[in-house]
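Hi,

Here's the structure I said I'd pass along. Have a look at it first, and then read my notes underneath.

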Amino acid sequence: MNINITFPDKSVKEYPLNISPLEIAESISSGLVRQVITAKINDKLVDLNNKIMEDASIELYKFDSKEGQEIYWHSTAHLLAQAVKELFPDIKVAIGPAIENGFYYDFDKEIPFTDDDLVKIEEKMKELSKQNLEYERKEISREDAIKIFSEIKEDYKVELLEEIPEGETISLYSQENFTDLCRGPHLPHTGKIKAIKLLKTSGAYWRGDEKNKMLQRIYGISFPSNKELKKYLHDLEEAKKRDHRKIGKELDLYSISDDIGAGLVLWHPNGGMMRSIIEDFWKEQHFKNGYQIVYSPHIGKSELWETSGHLEFFTENMYQPIAVDEQEYYLKPMNCPFHIKIYNSQKRSYRELPLRWAEMGTVYRYEKSGALHGLMRVRGFTQDDAHIICTPQQLDEEIEKVLIFSLEMLKAFGFKDFQIKLSTMPEKAVGKKEDWDKATESLRKALEKYEIKYRLDEGAGAFYGPKIDIDIKDALNRAWQCSTIQFDFNLPTRFNMTYIGADNNPHPPFMIHRALLGSIERFFGTLIEYHAGNFPLWLCPIQVKVIPISEHYEEYAEKVNNQLKENGIRSEVDHKNEKIGYKIREAEIQKIPYMFIVGEKEKDSQTVSVRRHLKGDLGSFKLDEIISKIQEEISEKI
RNA sequence: GCCGACAUGGCUCAACGGUAGAGCACUCGACUUGUAAUCGAGCGGUUGUGGGUUCGAUUCCUACUGUCGGCACCA
């Protein structure tokens with residue numbers, strides 16, 4: 001008896017009943033047999049030896065697909081666990097999934113793994129992979145599975161099994177004498193795993209809960225060829241060169257000093273210049289978008305933070321109070337209470353709304369030491385904060401406006417690649433359900449109206465309201481939340497905010513917190529990594545370095561420099577008594593976009609020889625000509 | 001906060017149970033230079049901080065501080 005197999009291109013071929021995806025691959029090409037990792041039969045991923053018992057659609061996946069990689073890495077995780085169990089029979093295994101880049105496996109081991117252990121484990125994995133051990137699937141009852149894992153004292157597996165709902169298929173995968181609870185599918189055998197690298201170890205809580213035991217995690221990656229592994233490791237090294245902490249030091253942008261305190265940032269003149277440009281642009285854009293600027297102090301009395309609820313809910317993130325005149329003052333962890341106080345300073349009419357109040361507000365939060373990270377996670381930072389206070393009728397329009405504003409802002413700085421998520425009501429929340437629904441709906445509508453791709457994060461909203469967050473990834477692919485648009489159903493009530501409606505009655509307004517860049521510090525960190533320090537011209541602290549060939553041309557160099565300055569271009573003359581090659585090298589390392597080389601020729605013809613960072617010599621230009629070219633580049637923000 | 005690793009001049013890094021060395025940077029001198037490092041000399045460190053072991057520690061132990069990689073947190 002035969003069955004019909006439909007391929008992704010809609011072509012249909014006839015095969016004998018009980019044929020496997022691997023056999024189908026064999027019928028196509030030997031190259032495919034070598035490369036195929038998994039198959040989707042009727043939209044379900046299966047092992048390659050899975051028998052097909054009816055007419056079906058098929059899709060074969062190689063390592064170049066997301067599906068293929070996931071299965072490949074997941075199988076490598078099993079191989080890792082097998083190797084670890086062989087070397088350390090007493091440890092217990094927990095879980096080991098594939099992740100975005102590679103895989104990990106968590107183990108319960110009293111003494112953490114050492115670097116030497118890692119080397120040994122990797123060797124063992126390679127040894128096991130050469131043995132072409134088959135990944136065998138077996139479906140069994142829950143009782144039997146619990147029995148099996150209880151006998152071998154794999155408590156974590158038993159715990160997982162006990163939580164699998166009744167009636168669900170339970171499958172085990174074994175290679176040789178190692179058996180793991182797993183949904184699968186897997187590679188046909190370990191021999192498919194050619195190149196393996198264990199990357200790092202770390203502690204990780206069982207089931208991601210701080211209250212649980214800390215397990216030992218091993219991260220790794222694998223590829224079908226050594227060449228791909230090498231490339232991956234090379235790319236990783238390259239990515240590390242874009243680290244804002246490294247570039248921040250090299251370009252003298254900022255520093256963080258132990259003597260001042262962890263997570264407290266010093267902005268050096270170069271970084272300060274960039275920050276000032278960013279802030280000027282920010283302010284200009286806010287005025288254009290109907291915002292008003294407010295300012296508020298860095299500290300406030302304890303009563304304020306009691307009213308706001310921060311002392312109750314946020315206290316472990318706040319610095320200790322300062323006692324003055326029998327009063328306690330706290331450094332502000334947020335700006336909102338101050339903006340609300342401005343609002344409450346007079347009776348508000350619906351005719352005034354919406355109000356959009358923005359502030360570059362510097363806040364202090366006591367972040368846990370382990371959370372600190374360069375500019376990305378600090379203890380003192382300046383939020384580009386704003387609060388929008390409006391009526392329910394104005395909600396949709398305000399959300400749309402702020403969403404578009406925020407995307408335009410990121411685009412102005414060159415960001416094209418970011419992830420947007422919509423977070424909805426968590427289990428513990430304040431405020432009326434109907435307000436939550438209205439607000440969430442408003443956020444969702446705005447995203448959909450502009451066809452913005454987003455991920456729905458159910459239950460991940462703040463306790464006080466739903467939100468849209470925009471994450472930007474750093475050089476090592478770690479996501480950092482920058483923009484955020486959050487509703488607040490907590491503070492307006494706590495501070496009893498109202499406006500007088502057309503009906504002459506007081507009504508509670510809607511309040512939206514939003515930060516477009518997030519914080520200047522974090523945003524600057526992502527900006528550095530995104531551009532690898534090769535900033536768009538308009539942001540560069542020094543745009544042109546005028547480099548005289550020798551001391552004889554310093555006068556002409558100064559003349560050029562002055563003309564650049566008069567035209568609003570940030571320039572400097574290199575007065576060092578060095579050869580031209582040295583000075584160019586230095587300017588290149590400093591990533592200065594334009595170098596004007598001036599010597600005899602240039603002086604005589606009143607020109608400059610232009611070199612562009614990373615591009616090289618552009619030839620000779622009349623000064624006016626290159627100045628207008630640069631001005632154009634600056635105004636276009638490219 | 002938790003797990004692990006690490007901490008040497010401004011920077012990058014070396015060395016050692018017997019009180020530290022290189023390159024770059026910086027200063028001075030010579031050279032007067034044509035698109036990624038000219039040569040020479042000099043300056044610069046009580047080896048993160050405190051305690052302990054030792055005849056002697058920067059090296060070994062310990063606590064703290066900080067950094068790095070994860071985990072957790074992220075109003």
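How many Å separate the centres of domain 2 and domain 4, taken over C-alpha atoms? They are 57 Å apart. Keep in mind that this is a predicted model.

To get your bearings, chain A is split into domain 1 (2–62), domain 2 (67–238), domain 3 (254–297 + 332–531) and domain 4 (537–635).

Now for the inside. The largest nonpolar core has 79 residues, and the ones touching the most other members are Phe413 and Phe596. Helix H13 (residues 395–412) gives this core its largest share, nine residues. Domain 3 and domain 4 each put at least three residues into this core. If you zoom in on Phe596, you'll find that its contacts include Val544, Ile547, Leu564, Val610 and Ile630. There's also a second, separate core of 38 residues, with Val84, Ala98, Leu128 and Ile221 among them.

Then there's RNA strand B. It has 54 residues around it, and Phe463, Glu551, Asn577, Arg585 and Ser609 come nearest. By class, that surface has 22 charged, 17 nonpolar and 15 polar residues. On the RNA side, 52% of the strand B atoms within 4 Å of the protein belong to sugar or phosphate, and the rest to bases.

Two spots to click on: a side-chain N or O atom of Arg611 is 3.0 Å from a sugar or linking oxygen of RNA strand B, while Glu600 uses a backbone N or O atom, 2.9 Å from a base oxygen of the strand. Elements giving two or more residues to this surface include helix H18 (580–589), helix H19 (600–605) and strand S32 (607–612).

Cheers

Methods. Residues numbered from 1 in each chain as written. Chains lettered and ligands numbered in written order. Predicted model: local features only at pLDDT ≥ 70, side-chain atom pairs only at ≥ 80, totals over all residues. Heavy atoms only, no water. Core = buried A, V, L, I, M, F, W, Y, C linked by side-chain atoms within 4.5 Å. Buried < 20%, exposed > 50% of the residue type's maximum accessible area, 1.4 Å probe, protein only. Helix = DSSP H or I, 4+ residues; strand = E, 2+ residues; numbered from the N terminus. Domains from an automatic or database assignment. Contact = heavy atoms within 4.5 Å. Near = heavy atom within 4 Å. Polar contact = N/O pair within 3.5 Å; in protein donor to acceptor, adjacent residues only side chain to side chain. Nonpolar A, V, L, I, M, F, W, Y, C, P; charged D, E, K, R; others polar. Lists of a residue's contacts leave out its neighbours within four places in sequence.
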